[in-house]
Amino acid sequence: MVAAPGENMRVNADRLWATLMDMAKIGPGIAGGNNRQTLTDEDGEGRKLFKTWCEDAGLTIGVDKMGTMFATRPGTDPDALPVYVGSHLDTQPTGGKYDGVLGVLGALEVVRTMNDLGIKTKHPIVVTNWTNEEGARFAPAMLASGVFAGIHTLDYAYDRKDPDGKTFGDELKRIGWLGDEEVGARKMHAYFEYHIEQGPILEAEEKTIGVVTHCQGLWWLEFTLTGREAHTGSTPMNMRVNAGLAMARIMEMVQTVAMENQPGAVGGVGQVFFSPNSRNVLPGKVVFTVDIRSPDKAKLDRMRARIEAEAPGITEPLGVGCSIEAIGHFAPVTFDPTLVTAVRTAAEKLGYSHMDLISGAGHDACWAAKVAPATMVMCPCVGGLSHNEAEDISKEWASAGCDVLFHAVVETAEIVE
């Protein structure tokens with residue numbers, strides 16, 4: 001017999017919060033957050049702790065050739081496809097304690113609560129930690145889920161290099177998390193991901209739950225500008241080949257393009273590398289990444305085309321060489337209506353205020369949606385602040401979203417009495 005979870009079934013808020021705080025002790029940042037970048041020693045230590053918690057909950061661990069961790073709670077039907085629930089444990093260099101981590105440990109809390117309540121489901125449930133969601137060390141973002149969905153090849157992923165020239169493949173072996181499962185061989189009945197909003201809308205609207213219906217599309221355009229190194233004090237202004245000046249003017253152009261495509265468009269630059277990066281030397285080379293996003297595919301592609309078309313008009317008069325490479329992309333995503341309804345219904349049943357959201361950030365759910373029905377649940381974050389050590393949420397927000405996740409997941413996995 002298949003049943004729905006009762007309204008009184010809630011996760012253990014104190015246990016969820018304690019687990020978040022314990023994970024935050026690994027790879028502490030310098031200002032209260034975390035620096036647990038992918039495939040670092042700290043990432044390896046976090047994975048080890050997560051594995052221990054999963055095994056204590058009776059889960060069986062599998063690891064694929066991208067290092068993604070899958071912790072399985074069996075279902076009653078050996079032929080039923082699993083419901084996957086997860087996110088990522090890696091962080092930005094100056095990341096917070098919740099971005100990604102809440103989704104992984106919230107998924108673990110769902111299973112722990114099922115164990116507490118003696119709940120059995122027809123479908124297995126798989127708690128998932130995707131490798132390199134952030135893309136901070138190895139671009140592009142969402143790398144492992146991208147390989148899983150067939151967007152990238154395994155060789156492409158292994159060849160990605162960090163700023164120090166170390167490759168993804170070598171670092172995955174070094175920290176001991178190279179698995180033997182073929183990437184993408186697993187089949188999903190459904191995929192859920194729980195995440196902080198990373199924006200200010202839920203808090204401003206005083207809503208506890210974000211029902212995520214869509215995710216913005218994205219282009220990451222990596223610019224390499226080539227000028228001429230020269231002394232900043234002794235080189236006349238009219239004799240400079242200033243790659244830094246070209247970069248600044250391109251950044252202003254990106255701002256203009258984004259503003260002229262309102263509403264529903266954003267653009268900016270978050271990463272810049274100057275060479276030689278000396279106070280009194282004009283840069284001979286500047287590498288930076290333009291990040292543009294929109295839920296409208298046509299608008300997103302128009303923005304990319306305009307930026308690429310206008311850049312030479314900026315660089316050529318300055319004598320600066322310019323090359324552009326698209327290093328990250330995903331199209332706007334529409335999440336599965338049935339799963340979206342399951343999230344919305346769970347929020348209503350539990351009495352939590354909620355609203356529909358379009359995610360402004362990319363997530364592993366975007367690639368999972370290519371191979372299975374998928375959706376997301378979001379909770380507020382203070383001031384909308386994320387990718388920042390000051391990122392903050394409340395225990396109440398964390399547990400409310402996890403309650404909704406729990407109900408949506410176990411209903412989709414089908415409780416068996």
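This section describes the annotated binding-site residues and selected salt bridges of a predicted model.

According to an unreviewed UniProt entry, the feature "binding site" is placed at Asp99, Glu134 and His387. These positions are spread over 289 residues of sequence, yet they cluster in space, with a largest C-alpha distance of 9.6 Å.

Asp99 is located in the loop between β4 (83-87) and α3 (101-117). Its relative accessible area is 4%, so Asp99 is classed as buried. With neighbours within four places in sequence left aside, the residues in contact with Asp99 are His88, Asp90, Glu134, His195, Ile196, Gln198, Ser386, His387 and Glu391. Both other annotated positions, Glu134 and His387, thus appear in this contact list. A polar contact of 3.1 Å joins the side chain of Asp99 to the side chain of His387.

His387 is found in the loop between β17 (374-379) and α12 (395-413). In contrast to Asp99, which is buried at 4%, His387 has a relative accessible area of 39% and is partly exposed. Outside the four places in sequence on either side, His387 is in contact with Gln92, Thr94, Asp99, Glu134 and Gln198. Glu134 and Gln198 are listed as contacts of Asp99 and also of His387. The side-chain polar contact of His387 with Asp99, at 3.1 Å, therefore pairs a partly exposed residue with a buried one.

The structure holds 19 salt bridges, of which three are described here. In the pair formed by Glu55 and Lys51, the closest N and O atoms are 2.7 Å apart. Both residues belong to helix α2 (residues 41-56); because they are 4 residues apart in that helix, about one helical turn separates them. Glu55 is partly exposed, with a relative accessible area of 41%, and Lys51 is likewise partly exposed, at 28%.

A second salt bridge is formed by Glu182 and Lys65, with the closest N and O atoms 2.5 Å apart. This pair links distant parts of the chain, the two residues being 117 residues apart. Glu182 lies in the loop between α6 (168-174) and β7 (190-196), whereas Lys65 lies in the loop between β2 (60-63) and β3 (69-73). The relative accessible area of Glu182 is 48%, so this residue is partly exposed. Lys65 is also partly exposed, at 24% relative accessibility.

The third pair consists of Arg137 and Asp162, whose closest N and O atoms are 3.0 Å apart. Here too the salt bridge links distant parts of the chain, with the two positions 25 residues apart in numbering. Arg137 is in the loop between β6 (125-129) and α4 (143-148), and Asp162 is in the loop between α5 (154-158) and α6. Arg137 has a relative accessible area of 10% and is buried. Asp162 counts as buried as well, at 8% relative accessibility. Both partners of this salt bridge therefore fall under the 20% limit for buried residues.

Arg137 and Asp162 also belong to a network of salt bridges, in which they are linked with Asp41, Glu171 and Arg174.

Technical notes. Residues are numbered from 1 along each chain as its sequence is written. This is a predicted model: local features need pLDDT of at least 70, side-chain atom pairs count only at pLDDT 80 or more; totals for chains, interfaces and linings use all residues. Side-chain values use heavy atoms; hydrogens and water are left out. UniProt positions are given in the numbering used here, feature names are shortened, and annotations may be inferred rather than shown by experiment. Buried means under 20% relative accessible area, exposed over 50%, partly exposed in between (1.4 Å probe, protein chains only). Contact means heavy atoms within 4.5 Å. A polar contact is a pair of N or O atoms within 3.5 Å; within protein, one must be able to donate a hydrogen and the other to accept it, and residues adjacent in sequence count only if both atoms are side-chain atoms. A salt bridge is a side-chain nitrogen of Lys or Arg within 4 Å of a carboxyl oxygen of Asp or Glu.
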